[in-house]
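User: I am new to reading protein models, and I would like to understand the reasons behind the words that are used for them. Could we go through this one step by step?

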Amino acid sequence: MLGGHVIGDGRIEGELIISVVAHWEGNVWAERAVISGMITGSIVVGGKIEISRSAVIKGRVSARSIAMARGATVEGEVAVTGSEPIVEFEERRPPKSDFEG
């Protein structure tokens, strides 16, 4: 789980979790992702990405499966690489702000 600030590109071999207080500046690739904070750059996910209502993504989002909460901000292209449409949902849980498991 990322709870700070990263500058640069990265590849995550598992699940990337960006907390509400975190910011990734650069392009990132991951197998799965849950985004509650900010990304300035592109994110490419091999499987499913969940974008929380507190998320702000300024760049391209590409994933096999995308679930996006109402209120999330994506300023860029969104591309689904799988056969399912983007799922929009009403988030009911509070976003994690620290390293709560």
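Analyst: A residue is called buried if its relative accessible area is under 20%, exposed if that area is over 50%, and partly exposed in between. In this model, which is predicted, buried residues make up 38% of the 101 residues.

User: Why is Ser62 called buried?

Analyst: Ser62 has a relative accessible area of 8%, and the word buried applies under 20%, so Ser62 is counted as buried. This residue is found in strand E8, which covers residues 61-69. Leaving aside residues up to four places away in sequence, Ser62 touches Ile43, Val44, Val45, Ala79 and Thr81.

User: What makes Gly46 partly exposed?

Analyst: The relative accessibility of Gly46 is 41%, and partly exposed is the term between the limits of 20% and 50%, so Gly46 counts as partly exposed. Gly46 is found in strand E6, residues 43-51, and it touches Ala30, Glu31 and Arg64 when residues up to four places away in sequence are not counted. The C-alpha atom of Gly46 is also separated by 6.6 Å from that of Arg32, although these two residues are 14 positions apart along the chain.

User: Why is Met1 called partly exposed?

Analyst: Met1 has a relative accessibility of 40%, which again falls between the limits of 20% and 50%, so the term for Met1 is partly exposed. Met1 lies in the segment before E1, and its C-alpha atom is 9.4 Å from that of Ala22, with 21 residues of separation in sequence.

User: How do you know that strands E2 and E4 pair?

Analyst: Two strands pair if at least two bridges are found between them, and 7 bridges join strand E2 (residues 10-18) to strand E4 (residues 28-35), so these two strands meet the condition, and they run parallel. Within this pairing, Ile12 stands opposite Ala30 in E4. Strand E4 also pairs with E6 in the parallel sense, over 6 bridges, and there the bridge partner of Ala30 in E6 is Val45.

User: What makes E7 and E9 a pair, and how many bridges do they have?

Analyst: Strand E7 (residues 56-58) and E9 are paired in the parallel sense over 2 bridges, and since the condition is at least two, this number satisfies it. In this pairing, Val56 stands opposite Thr73 in E9.

User: Which strands are at the edges of the open sheet, and why are they described in that way?

Analyst: The open sheet has 5 strands in the order E1-E3-E5-E7-E9, with parallel pairing. Strand E1 (5-7) and strand E9 (73-74) stand at the edges because each has a single partner strand, which leaves one side of each without a neighbour in the sheet.

User: Why is the protein described as being as compact as a globular protein of its length?

Analyst: Counted as a whole, the secondary structure comes to 0 helices and 11 strands. The radius of gyration is 12 Å, while the globule rule gives 13 Å for 101 residues, and because these values are close, the protein is as compact as a globular protein of that length. Along the principal axes, the C-alpha atoms fill a box of roughly 35 × 30 × 25 Å.

User: How much area does the protein expose, and what do carbon and sulfur atoms supply?

Analyst: The protein exposes about 5,400 Å², and carbon and sulfur atoms supply 50% of that area.

How values were computed
Residues numbered from 1 in each chain as written. Predicted model: local features only at pLDDT ≥ 70, side-chain atom pairs only at ≥ 80, totals over all residues. Heavy atoms only, no water. Helix = DSSP H or I, 4+ residues; strand = E, 2+ residues; numbered from the N terminus. Rg over C-alpha atoms; globule rule 2.2 N^0.38 Å. Buried < 20%, exposed > 50% of the residue type's maximum accessible area, 1.4 Å probe, protein only. Areas by Shrake-Rupley, 256 points an atom, 1.4 Å probe, with all protein chains shown as cover. Contact = heavy atoms within 4.5 Å.
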